[in-house]
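Welcome to a short tour of a protein model. Take a moment to look over the sequence and the structure, and then we will walk through some of the details together.

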Amino acid sequence: MQRFFRFVLFTSSLLTLACFGAIYFLPTTIQSVYAFLDPDAAVIIDPATSSQVMPTRVGSSGWFDPQMETDIIKLINDERRKNNLMPFVPDESLAKIARQRAAEISVSFNHNGVTNLCPKCGENIAWGGERTTAAGVVKAWMESESHRRNVLFLYYFKVGVGAYHIDKRIYVALEIKQEVR
């Protein structure tokens, strides 16, 4: 059983880091790089300057994993059904945002970028070693109170998942959004 997941959650003025079953509180003075991946061009764009940024951890060796993305959606919908909730509806625009976020968190693991890409989205992020599975990611999220709350929130209906492999690691972003049904 692997336990290589790290999660970040911002809570008021503290950064809460849950790692290997322990919780650490750090001041949120940590600065983040706001960069977004354009999947079609395979480059990182700094939205402040609209110029290309070349971080050390993202390059042509990274790749997205559509099968893992599909598996995560299936497993999360299974969790929602177990809790008498409607399943998420996959959304291609959210999937694109999730892929951008997955590549972004391979450079700077934080929740900062989602507010620029999808202001009303909920987000879960994770990273693990190269043997990380979709089931392992979902299990870790369901064992974390704040991540579980996102997955089981009654009013989230649309979902997009990005799974990005690079440097023998997998970075996963789940983007969820409210939508009137």
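A good place to begin is asparagine 110, which counts as buried because its relative accessibility is 5%, below the 20% cut-off for that label. This residue sits in the loop that joins helix 2 (92–105) to helix 3 (114–117). Its side chain has a polar partner there: the side chain of serine 108, at 2.7 Å.

Please keep in mind that this is a predicted model.

**The overall picture**

Stepping back, the protein contains five helices and 11 strands. It has 181 residues, of which 46% count as buried. Among contacts with a separation of 6 or more, 62% are made by residues 24 or more positions apart.

**Strand 11 and its neighbours**

Let us look next at strand 11 (residues 169–178). Seven of its 10 residues are buried, so the strand is largely enclosed by the rest of the structure. Which strands pair with strand 11? Two of its partners are listed here.

| Partner of strand 11 | Sense | Bridges | A facing pair |
|---|---|---|---|
| Strand 9 (residues 121–129) | antiparallel | nine bridges | glycine 128 and isoleucine 170 |
| Strand 10 | antiparallel | 10 bridges | glycine 160 and glutamate 175 |

Strand 10 and strand 11 also make a hairpin, with two residues between them. In that turn, aspartate 167 has a positive phi of about 50°.

**The nonpolar cores**

As a general background, nonpolar side chains tend to be buried together in soluble globular proteins. Here, the largest nonpolar core has 22 residues, and the members that touch the most others are Met68, Ile72, Ile76, Trp141, Val172 and Leu174. Four elements each give two or more residues to this core: helix 1 (66–82), helix 4 (134–142), strand 10 and strand 11. Helix 4 provides the largest share, with five residues.

What does isoleucine 76 touch, leaving aside residues up to four places away in sequence? The answer is Phe88, Val138, Trp141, Val151 and Leu174.

There is also a second, separate core, made of nine residues, with Ile105, Trp127, Tyr171 and Ala173 among them.

**Aromatic rings**

The aromatic side chains deserve a visit too, as there are four aromatic pairs in the model. One of them joins phenylalanine 64 and tyrosine 164, whose ring centres are 4.9 Å apart. The planes of these two rings make an angle of 50°, and the pair is tilted. Phenylalanine 64 belongs to strand 7 (residues 63–64) and tyrosine 164 to strand 10 (residues 156–166), so this pair ties together parts that are 100 residues apart in sequence.

Are these two residues buried or partly exposed? Phenylalanine 64 is partly exposed, because its relative accessible area is 23%, whereas tyrosine 164 counts as buried at 3% relative accessibility.

Elsewhere, Phe153, Tyr155 and Tyr156 make up one aromatic cluster. A ring can also have a charge over it: the charged end of arginine 80 sits over the ring of phenylalanine 88, at 4.1 Å from the ring centre. You have already met this phenylalanine, since Phe88 is among the residues that isoleucine 76 touches.

Technical notes: Residues numbered from 1 in each chain as written. Predicted model: local features only at pLDDT ≥ 70, side-chain atom pairs only at ≥ 80, totals over all residues. Heavy atoms only, no water. Buried < 20%, exposed > 50% of the residue type's maximum accessible area, 1.4 Å probe, protein only. Polar contact = N/O pair within 3.5 Å; in protein donor to acceptor, adjacent residues only side chain to side chain. Phe/Tyr/Trp six-rings, centres within 6.5 Å; stacked < 30°, edge-to-face > 60°. Lys NZ or Arg CZ within 6 Å of the ring centre and 35° of its normal. Pairing = 2+ DSSP bridges. Core = buried A, V, L, I, M, F, W, Y, C linked by side-chain atoms within 4.5 Å. Contact = heavy atoms within 4.5 Å.
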